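Reader: I am new to this structure and would like to be taken through it. Could we go step by step?

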Amino acid sequence: MARTNRLETEDLPKSKVSGESIKKISRLFSYFKPHRGKYYLGLFFLFLTGLTALIFPKLIGDMVDTAEEAMLADIDRIAVFLLIVFILQAIFSFFRIYLFVNVTEHVLADLRKDTYNKLIRLPMSYFSQNRVGDMNSRIATDINMLSDTFTTVVAEFLRQSMLIVGGIAFLAYTSVELTLVMLGIVPLVAVFAVVFGRIIRRISKETQDRIADSNTIVEETLSGITNVKSFANEMFESIRYAKSTDAIIEKALQGAKARGFFASFIILALFGSIVGVIWYGARLVNQDEMSFGNLIQFVLYSVFVGASIGGIAEMYAQIQKAIGAAERILEIMDEEPEPYEAVGPASVAAISGSLKFDNVQFRYPSRPDISVLNGVSFDAKQGETIALVGPSGSGKSTIASLVLRFYDPNSGTITIDGINTKDMGLEFLRNQMAIVPQDVILFGGTIRENIEYGKPGASLEEIEAAAKKANAHIFVDSFPEKYETVVGERGIQLSGGQRQRIAIARAVLKDPRILILDEATSSLDSESERLVQEALDKLMVGRTSLVIAHRLSTIRKADRILVLDKGTITENGRHEDLLEKEGGLYKGLLELQMQG
């Protein structure tokens, strides 16, 4: 659990603006297609909002010029127009905001669902090489950043862009000479925007990675809180988390410096130019080359343009951060999912359960230099119970993972009923199997929901029948809320034996053809082990069963026992046969347990 946190900057992915990255991110806009009607309507109201904003300085300038000419009726008329403009702008703003939020929330809900659906369909190799906290951060933090950006920033960015373009057009209409003075600074600002945009985007992505690392520490610590407390490592974890959050601060402050410097430059350059424009315009008014109303109008448009460019700089930085978040999400979307549909010629309605390994060799993708299985071959006939025993790391659990197709072998074949498992769709294949692991993790809902997980939509009668076969009904029925009892996170409200029997009931309800028992009784007390073993004996009847055993006394009745050592089957036979083998590994392991 105390894995080293990635804090070094050079270990973090870098990102830069490029045509390829823009092309990748543009894929997100496909999510807008189902809502494009509302989106275009929102853009229409956005246009109207910008248009009414641009009319305001023109009316103010006209009012000032009219006041100089002492035309009270015209002043009142312009005031009424201004009032109408303000009312219309308020109405247009409401619909603009509502429509953009409506579209964005629907789009991001679809994106969340697609990202989650893609994530849970990725192969086990992906989960073995990526941390849960990082994946959770991508769905939560990164998509929330997109929510903020698409809800307000993009719409405001478009509105400010319209104000800049429209404002410059009105400036040119008012005074070309002054407009040229005003625009002298724009190319310089544009260059700085591109340069700082790249820097801010890179820093933002690195910050998000460090936030994900920090979330991972919290996830690991809270999931393993019993280990933390039993080892009195609260201080160690506090220091580890503090280092992680300090790294976030360090990177976030780098981004703040970049954004702050950029914003300061914008303010200094643009508003400094506005002062220069006012000074130059005042000289033109003094020389009767411009009316005072036109100067006021020009200054207001200059302020609009300057404020919009100043504001758009920060929005541009926010959009860069969102692009970094989008790229992280797209990294998940670009991963290759498991083949849930059949990819070969196999087409069967169900399986009987005969299983065969033929010269299977396997290395975990995360540890390609270590061979875990070396030419393993065995077969299990329909209804047989095959026990797998051997020292830790000998490959027992790996065989179970290969049967479930969490991984595919590097060489050799695994067949069920004579059909290569690679030719079967994963959903079909796994629906024919069930596993009862040593460390049962229940979901945080009710007992009924956890049992029903084996057969979604099962009736309460079916669930109770499964619980009775699993020796679970008696203790469930003793709870005040019975099957509606909430088990707590990871089933913490139940004892180990109770969790095991819930897992067995789940397997009973699924009614699998192949059953995998992964040391299902190794961590239980004697009474719990007896009840669980009784339930397992009933569950195994008529099913092909692979039993990974730690306590060898539980597999005496197995049809065959396979003894593994260093990824190879060294012994194969019934309990009585293996005991007669002098110097055999199985006999030695059994004697050690009897001595213990």
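Author: The answers below cover the chain as a whole, one sheet and some aromatic rings.

Reader: What kind of model is it, and how are residues numbered?

Author: This is a predicted model, in which local features need pLDDT of at least 70 and side-chain atom pairs count only at pLDDT 80 or more, while totals for chains, interfaces and linings use all residues. Residues are numbered from 1 along each chain as its sequence is written, and side-chain values use heavy atoms, with hydrogens and water left out.

Reader: How many helices and strands does the protein chain have?

Author: The protein chain has 19 helices and ten strands. These are DSSP runs numbered from the N terminus (helices: H or I, at least four residues; strands: E, at least two).

Reader: And how much of the chain is buried?

Author: Of its 596 residues, 47% count as buried. Buried means under 20% relative accessible area, exposed over 50%, and partly exposed in between, with a 1.4 Å probe and protein chains only.

Reader: Let us turn to the open sheet. In which order do the strands come?

Author: The order is 6-7-8-3-9-10, six strands with mixed pairing; two strands pair if DSSP finds at least two bridges between them. Strand 6 (433–436) and strand 10 (568–573) are the edges: each has a single partner strand, so one side of each has no neighbour in the sheet.

Reader: How do strand 9 and strand 10 pair?

Author: Strand 9 (residues 560–565) pairs with strand 10 in the antiparallel sense, over five bridges. Asp565 has Thr568 in strand 10 as its bridge partner.

Reader: Which helix packs on the sheet?

Author: Helix 11 (residues 396–403) does, touching strand 3, strand 6, strand 7, strand 8 and strand 9. Contact means heavy atoms within 4.5 Å.

Reader: Changing topic, how many aromatic pairs are there?

Author: The count comes to twelve aromatic pairs. Rings of Phe, Tyr and Trp (its six-membered ring) pair if their centres lie within 6.5 Å; planes under 30 degrees apart are stacked, over 60 edge-to-face, and the rest tilted. Phe45 and Phe95 form a stacked pair, 5.2 Å centre to centre with 20° between the planes.

Reader: Why does that pair tie parts together?

Author: Phe45 lies in helix 2 (residues 36–68) and Phe95 in helix 3 (residues 72–120), so the pair links parts 50 residues apart in sequence.

Reader: Are Phe45 and Phe95 buried or exposed?

Author: Phe45 counts as buried, at 14% relative accessibility, whereas Phe95 is partly exposed at 34%.

Definitions and conventions. Axes fitted to C-alpha atoms, helices over the stretch in contact; angles between N-to-C directions.
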